[in-house]
Amino acid sequence: MSKGIKRVERKMEMIFNKQKNDLFWHYINERHKIWYKRFVLNQDSPWTHDEILQSVHFTNVYPELDRGHQYLINHIVNDFSPRDQIFRTMVYRAFNNIDSWKLIEPYVTLETFDSNKIFERLQQRKMLGHKIFTGAYMITGTKFAGSNDKLTNYTKGLLPTMVDELTTRKYASRILDAQTLEQTFEIFHEMTGVGKFNAYILATDMAYTGIKPYSLNVWANAGPGAIKALKLIYPDARSNWLTYIKDLQNKQSEYLAKDFPYYNNQELTLDCIEWSLCEFQKYYAKLTKEYRAKARHFTPRKDNPFE
């Protein structure tokens with residue numbers, strides 16, 4: 001083998017920061033053990049000695065264990081047609097607020113959709129000083145109804161457009177015909193007001209709810225937070241993010257604790273890794289204070305089966 005080929009091979013090797021790699025796996029081990037101790041063993045707090053994990057809210061390592069996912073799986077899609085399941089999932093994720101959803105749920109099928117009723121109910125909630133939307137992420141900033149009011153834009157603009165695209169423009173049929181997570185992601189991303197971040201959430205939702213039976217172990221979309229974390233762990237990483245996510249997934253048998261309580265005996269999927277990378281970069285920011293990352297204080301809910 002020539003020296004030139006050897007040099008190329010060295011360039012292709014993944015150089016990773018061992019300290020930050022170990023810290024990533026520490027985060028995964030401790031965060032999931034918090035869930036296990038709290039909800040399976042029913043232990044009282046503290047569920048970890050990690051002070052950051054004690055005080056800051058981080059989502060679960062397995063996305064389907066989070067409160068929002070659990071509500072989606074158990075309350076949003078049951079006993080509805082596949083097309084309505086897609087529509088209801090999209091509307092739920094547009095607000096991502098369970099209390100808001102409960103108010104508008106009767107008007108969220110393709111037959112019963114009523115943008116005026118949805119607006120009226122949510123406007124009343126807003127006037128009472130309650131939150132309408134999630135604070136976790138923004139779905140879109142586009143002014144669909146020509147208004148500076150976010151609620152008006154969503155209820156009078158985004159949601160009617162969603163109905164039209166799912167039905168008249170056959171997006172629901174295309175989503176149901178898609179064979180893979182990546183194909184479904186691309187179709188969602190074509191829809192009005194659906195960015196890459198939300199398209200990926202919706203595409204994985206299709207798997208977690210059972211609407212689509214595809215694997216979450218073939219492909220993942222690296223969001224901005226995951227990319228930031230990958231650059232911490234792999235300092236030379238500049239692109240091909242999926243390759244690095246797969247590399248981390250392949251390390252789980254080496255870095256997960258021997259007593260790691262796999263959920264439903266399921267190893268971490270690519271989606272689990274991508275999801276955890278997003279949270280890890282927040283954890284790293286809190287630990288090192290090298291940069292600022294948005295995170296909220298952790299206050300355990302008493303009325304919540306999972307969190």
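The exercises below, each with a worked solution, concern a predicted model of one chain.

**Exercise 1. Overall dimensions**

Task: Determine what the secondary structure of the chain consists of, and how its radius of gyration stands against that of a compact globule.

Solution:
- Step 1. The chain holds 15 helices and zero strands.
- Step 2. For 307 residues, a compact globule would have a radius of gyration near 19 Å. The chain has 21 Å, which agrees.
- Step 3. Along the principal axes, the C-alpha atoms fill a box of roughly 65 × 55 × 35 Å.
- Step 4. Of the 307 residues, 51% count as buried.
- Step 5. Take the contacts between residues at least 6 apart in sequence: 66% of them join residues at least 24 apart.

**Exercise 2. The nonpolar core**

Task: Name the residues that touch the most other members of the largest nonpolar core, and list the contacts of Phe188 beyond its sequence neighbours.

Solution:
- Step 1. The largest nonpolar core has 92 residues.
- Step 2. Within this core, Phe95, Leu166, Phe188, Leu268, Leu277 and Phe280 touch the most other members.
- Step 3. Set aside the residues within four places of Phe188 in sequence; the contacts left are Ile86, Met90, Ile175, Val194, Ala199, Leu202, Ala203 and Met206.

**Exercise 3. Val77 and the helices on either side**

Task: Place Val77 in the chain, decide whether it is buried or exposed, and describe how helix 4 packs on helix 5.

Solution:
- Step 1. Val77 sits in the loop between helix 4 (67-76) and helix 5 (82-95).
- Step 2. The relative accessible area of Val77 is 2%. Buried means under 20%, so Val77 is buried.
- Step 3. Apart from neighbours within four places in sequence, Val77 contacts Leu72, Gln85, Thr89, Thr209 and Ile211. Val77 and Ile211 are 134 residues apart in sequence, and their C-alpha atoms are 8.6 Å apart.
- Step 4. Two packed helices are described by the angle and the distance between their axes. The axes of helix 4 and helix 5 come within 11 Å and cross at roughly 145°. The crossing is right-handed.
- Step 5. Helix 4 contributes Gly68, His69, Tyr71, Leu72, His75 and Ile76 to the contact, and helix 5 contributes Arg88, Thr89, Tyr92 and Arg93. By class, these are four nonpolar, four polar and two charged residues.

**Exercise 4. Backbone exceptions**

Task: Locate the cis peptide bond between Ser45 and Pro46, and find where Asn42 and Lys170, with their positive phi values, are placed.

Solution:
- Step 1. Most residues other than glycine have a negative phi, and most peptide bonds are trans.
- Step 2. The bond joining Ser45 and Pro46 is cis, with omega about 5°. Pro46 belongs to the loop between helix 2 (18-40) and helix 3 (51-55).
- Step 3. Asn42, not a glycine, has a positive phi of about 55°. Asn42 is also placed in the loop between helix 2 and helix 3. With a relative accessibility of 59%, Asn42 counts as exposed.
- Step 4. Lys170 has phi near 65° and is found in the loop between helix 8 (150-167) and helix 9 (171-177). Its relative accessibility is 51%, and exposed means over 50%, so Lys170 counts as exposed.

**Exercise 5. Lys286**

Task: Assign Lys286 to an element and give its accessibility class and its contacts.

Solution:
- Step 1. Lys286 is part of helix 15 (residues 270-288).
- Step 2. Lys286 has 33% relative accessibility and therefore counts as partly exposed.
- Step 3. Beyond neighbours within four places in sequence, Lys286 contacts Ile52, Ala293 and Ala295.
- Step 4. Lys286 and Val56 are 230 residues apart in sequence and 8.8 Å apart in space, C-alpha to C-alpha.

Terms used: Residues numbered from 1 in each chain as written. Predicted model: local features only at pLDDT ≥ 70, side-chain atom pairs only at ≥ 80, totals over all residues. Heavy atoms only, no water. Core = buried A, V, L, I, M, F, W, Y, C linked by side-chain atoms within 4.5 Å. Buried < 20%, exposed > 50% of the residue type's maximum accessible area, 1.4 Å probe, protein only. Contact = heavy atoms within 4.5 Å. Helix = DSSP H or I, 4+ residues; strand = E, 2+ residues; numbered from the N terminus. Axes fitted to C-alpha atoms, helices over the stretch in contact; angles between N-to-C directions. Left-handed = near helix turned anticlockwise from the far one by under 90°. Nonpolar A, V, L, I, M, F, W, Y, C, P; charged D, E, K, R; others polar. Rg over C-alpha atoms; globule rule 2.2 N^0.38 Å.
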